[in-house]
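User: I am new to this structure. Please walk me through the reasons behind its labels.

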Amino acid sequence: MENMLNSLPHMILGVGLILLIIELLLGFTTIVLLTLGLSCLITSGLMYAGFLDEELLHAFLSVAILDTILMVVLWRPMKNLQTDRAPNEVKSDWIGTTFDLDEAVAPGQPGSTKFSGVTWKVKASTPIAAGETVCITKVEVGILHVEKAG
């Protein structure tokens, strides 16, 4: 511990590791901690290798320059990792199942029905009268998409 507090490369290495651990715990939600942590690790390595003098000013300049370069290089890939992905289509065993419709449905006018012990919202792309047999074409959370059977 004493060596870490007396040696600038050790201290910068410790700060870099702490920043990377925080970034990991946050789930890579912020690119700033990632690039800053990497910049600290690289600067510490340059000091250990003798390419950079062990002076505070050189450390600050190195971290600032490396952070800027890493930010420019990693911005787009990290931003792409954070974008929401379209949800996958639900694959259900109910697709193709038929039942009799309790209420009439039409485009923009969903109905409801009790199916498999649950009350579902029912949507259709064409008008369908109550009592007609329908076939399930798609299942969403709480919604059955149907069309006329046959």
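Analyst: What follows is a set of short questions and answers on this predicted model.

User: Why is helix 2 called roughly antiparallel to helix 3?

Analyst: Helix 2 covers residues 8-25 and helix 3 covers residues 31-49. They pack at an angle of about 155 degrees. Angles over 145 degrees count as roughly antiparallel. So helix 2 is roughly antiparallel to helix 3. Their axes lie 8 Å apart, and the crossing is left-handed.

User: Which residues of helix 2 and helix 3 meet?

Analyst: From helix 2, the list includes L8, P9, I12, L13 and E23. From helix 3, it includes I31, L33, C40, M47 and Y48. By class, this contact has 18 nonpolar, 5 polar and 1 charged residues.

User: What makes helix 3 oblique to helix 4?

Analyst: Again, look at the angle. Helix 3 and helix 4 pack at about 135 degrees. Roughly antiparallel needs over 145 degrees, and roughly perpendicular runs from 65 to 115. An angle of about 135 degrees fits neither range, so helix 3 is oblique to helix 4. The axes are 8 Å apart. The crossing of helix 3 and helix 4 is right-handed.

User: What kinds of residues make up the contact of helix 3 with helix 4?

Analyst: By class, there are 17 nonpolar, 4 polar and 1 charged residues. Helix 3 brings, among them, V32, T35, S39 and L46. Helix 4 brings residues including A59, V63, D67, L70 and W75.

User: How do you know that K138 and E140 meet in a salt bridge?

Analyst: Side chains of opposite charge can pair when their charged atoms come close. For K138 and E140, the N to O distance is 3.6 Å. The cut-off is within 4 Å, so the pair qualifies. The structure holds 1 salt bridge.

User: Are K138 and E140 buried, exposed or partly exposed, and why?

Analyst: K138 has a relative accessible area of 29%, and E140 has 32%. Buried means under 20%, and exposed means over 50%. Both values fall in between, so K138 and E140 are partly exposed.

User: Why is H145 called buried?

Analyst: Its relative accessible area is 18%. That is under 20%, so H145 counts as buried. H145 lies in strand 5, residues 143-148. Leaving out residues up to four places away in sequence, H145 touches K123, C135, I136, T137, K138 and E140.

User: What makes the phi of S116 worth a question?

Analyst: Most residues other than glycine have a negative phi. S116 is not a glycine, yet its phi is positive, about 55 degrees. S116 lies in the loop between strand 2 (111-115) and strand 3 (118-124).

User: Why does S116 count as exposed?

Analyst: S116 has a relative accessible area of 53%. The cut-off is over 50%, so S116 is exposed.

User: How do you know that D84 counts as exposed?

Analyst: The value for D84 is 77% relative accessibility. Exposed means over 50%, so the label follows. D84 sits in the loop between helix 4 (56-82) and strand 1 (98-100). D84 and F99 are 15 residues apart along the chain. Their C-alpha atoms are separated by 36 Å.

User: Why is L61 called partly exposed?

Analyst: L61 has a relative accessible area of 46%. That value is neither under 20% nor over 50%, so L61 is partly exposed. L61 is found in helix 4. The C-alpha atoms of L61 and V15 are 16 Å apart, with their positions 46 residues apart along the chain counted as separation.

Definitions and conventions
Residues are numbered from 1 along each chain as its sequence is written. This is a predicted model: local features need pLDDT of at least 70, side-chain atom pairs count only at pLDDT 80 or more; totals for chains, interfaces and linings use all residues. Side-chain values use heavy atoms; hydrogens and water are left out. Axes are lines fitted to C-alpha atoms, for helices over the stretch in contact, and angles run from 0 to 180 degrees between N-to-C directions. Helices (H or I, at least four residues) and strands (E, at least two) are DSSP runs, numbered from the N terminus. Angles under 35 degrees count as roughly parallel, over 145 as roughly antiparallel, 65 to 115 as roughly perpendicular and the rest as oblique. A crossing is left-handed if the near helix is turned anticlockwise from the far one by less than a right angle, and right-handed if clockwise. Contact means heavy atoms within 4.5 Å. Ala, Val, Leu, Ile, Met, Phe, Trp, Tyr, Cys and Pro count as nonpolar, Asp, Glu, Lys and Arg as charged, and the others, Gly among them, as polar. A salt bridge is a side-chain nitrogen of Lys or Arg within 4 Å of a carboxyl oxygen of Asp or Glu. Buried means under 20% relative accessible area, exposed over 50%, partly exposed in between (1.4 Å probe, protein chains only).
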